[in-house]
Amino acid sequence: MNIMNYSLKIGWLYPELMSTYGDRGNIIILQKRCAWRGIEIDIQTIDFKTVRQDIEKCNLFFGGGSQDRQQGILIDDLRKNKGPVLKEMIDNGIPGLFVCGSPQLLGHYFIDGNGNKLEGLGIFDMVSTYPSKGTPRCIGNLVAEITNLKSQIPNKHKTIVGFENHGGRTYLNITQNSKVKNQKYETLKKTSIQPFAKVLYGKGNNGEDGTEGAVYKNCIATYSHGPFLSKNPHIADWLIKMALEVKYKKEMILNQLDDTLEWQAHETMLKKFVK
Ligand code: GLN
């Protein structure tokens with residue numbers, strides 16, 4: 001199938017405030033992997049001035065990581081002015097990749113290192129909170145085995161690799177999780193969120209339940225920086241394929257790219273931390 005001349009618009013959440021640890025590299029990788037296949041790619045920055053009409057034209061969302069301070073600066077605008085349209089579009093299947101700080105804000109709330117509770121967008125059925133003061137951050141290499149999306153990812157690539165640096169711990173399916181269960185969340189029983197992967201090395205969501213990241217509809221959340229897609233080309237291609245299929249409403253087959261270097265880097269981390 002010739003996918004030349006198809007086009008995609010990537011909505012990029014607050015690039016100036018949410019691009020820690022090379023996360024903007026994920027945008028460059030998506031741009032390149034589309035361009036190498038003749039897919040036209042356009043970037044729509046989503047920040048304080050962006051209006052609903054421009055967000056509605058997006059076919060794929062990306063949000064990077066950020067320090068607590070930056071999350072505090074943007075959360076009101078994100079929740080009030082972008083929340084409703086993002087929720088609608090994500091609930092309707094628009095794919096997205098959200099790294100560390102941004103998925104923390106797409107959950108129900110994030111309690112930061114100073115105990116400030118940032119009300120989230122409630123798109124992901126999860127909460128994030130810092131543990132008691134003095135508890136070390138989750139910092140280091142991260143290797144995990146994909147547990148969801150498995151069926152859609154080419155067989156031989158079951159793992160993801162990257163590095164993490166976060167103080168917040170994330171708990172999925174809060175409706176099932178007695179830790180934070182209360183009235184307000186009962187109504188959200190219908191939402192279904194699954195872990196993205198099972199931790200093989202590192203901390204992942206909280207260093208307790210072995211989960212890493214989350215999958216909700218066609219969106220992936222991960223604690224993996226790096227940038228994440230540099231050593232995980234299978235996930236980059238999954239996002240591009242999903243975005244094309246949702247936009248053009250038909251199955252898409254992406255031509256294979258030469259990912260020798262990417263897989264060498266991936267395998268090196270597997271050998272070093274797992275095998
Ligand atoms: N500020 C958040 C935390 O520490 C997210 C950090 C990040 O995006 N790397 O948990």
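This briefing covers the overall fold, the ligand site, the backbone outliers and a surface patch. The model is predicted. The protein has seven helices and 14 strands. Of its 275 residues, 57% count as buried. The ligand has 290 Å² of accessible area on its own, and the protein covers 100% of that.

**Overall build**

- Long-range pairs dominate the contacts: among those with a separation of 6 or more, 74% are between residues 24 or more positions apart.
- The exposed area of the protein is about 12,100 Å². Carbon and sulfur atoms supply 52% of that area.

**Ligand site**

- The shell around the ligand holds 17 residues. Those that come nearest are Ser 66, Asp 68, Gln 71, Gly 167 and Gly 168.
- Asp 68 places a polar side-chain atom 2.6 Å from a nitrogen atom of the ligand.
- Asn 165 contributes through its backbone: a polar atom there is 3.0 Å from a ligand nitrogen atom.
- Gly 168 also uses a polar backbone atom, which lies 2.8 Å from an oxygen atom of the ligand.
- Three elements give two or more residues to the shell: α3 (68-91), α4 (101-106) and β9 (159-166).

**Backbone outliers**

- Most residues other than glycine have a negative phi, and most peptide bonds are trans. The next entries depart from that pattern.
- Lys 217 has a positive phi, near 50 degrees, and is not a glycine. Lys 217 sits in the loop between β13 (214-216) and β14.
- The relative accessible area of Lys 217 is 46%. Lys 217 is therefore partly exposed, since the value falls between 20% and 50%.
- Lys 249 is another non-glycine residue with a positive phi, about 50 degrees. Its place is the loop between α6 and α7.
- Lys 249 counts as exposed because its relative accessibility is 71%, above the 50% cut-off.
- The peptide bond between Gly 226 and Pro 227 is cis, with omega about 5 degrees. Pro 227 lies in the loop between β14 (219-222) and α6 (233-248).

**Nonpolar surface patch**

- Leu 200, Tyr 201 and Val 274 make a nonpolar surface patch of about 230 Å².
- Val 274 belongs to the segment after α7 (260-273).
- Val 274 is partly exposed, at 37% relative accessible area. Val 274 can therefore count towards a patch, because patch residues need over 30%.

Notes:
Residues are numbered from 1 along each chain as its sequence is written. This is a predicted model: local features need pLDDT of at least 70, side-chain atom pairs count only at pLDDT 80 or more; totals for chains, interfaces and linings use all residues. Side-chain values use heavy atoms; hydrogens and water are left out. Patches are made of residues with over 30% relative accessible area and no salt bridge: like charges are joined within 9 Å, nonpolar side chains (Val, Leu, Ile, Met, Phe, Trp, Tyr) within 5 Å. Accessible areas come from the Shrake-Rupley method with a 1.4 Å probe; for residues, only the protein chains shown count as cover. A salt bridge is a side-chain nitrogen of Lys or Arg within 4 Å of a carboxyl oxygen of Asp or Glu. Helices (H or I, at least four residues) and strands (E, at least two) are DSSP runs, numbered from the N terminus. Buried means under 20% relative accessible area, exposed over 50%, partly exposed in between (1.4 Å probe, protein chains only). Contact means heavy atoms within 4.5 Å. A residue is near a molecule or strand if one of its heavy atoms lies within 4 Å of it. A polar contact is a pair of N or O atoms within 3.5 Å; within protein, one must be able to donate a hydrogen and the other to accept it, and residues adjacent in sequence count only if both atoms are side-chain atoms.
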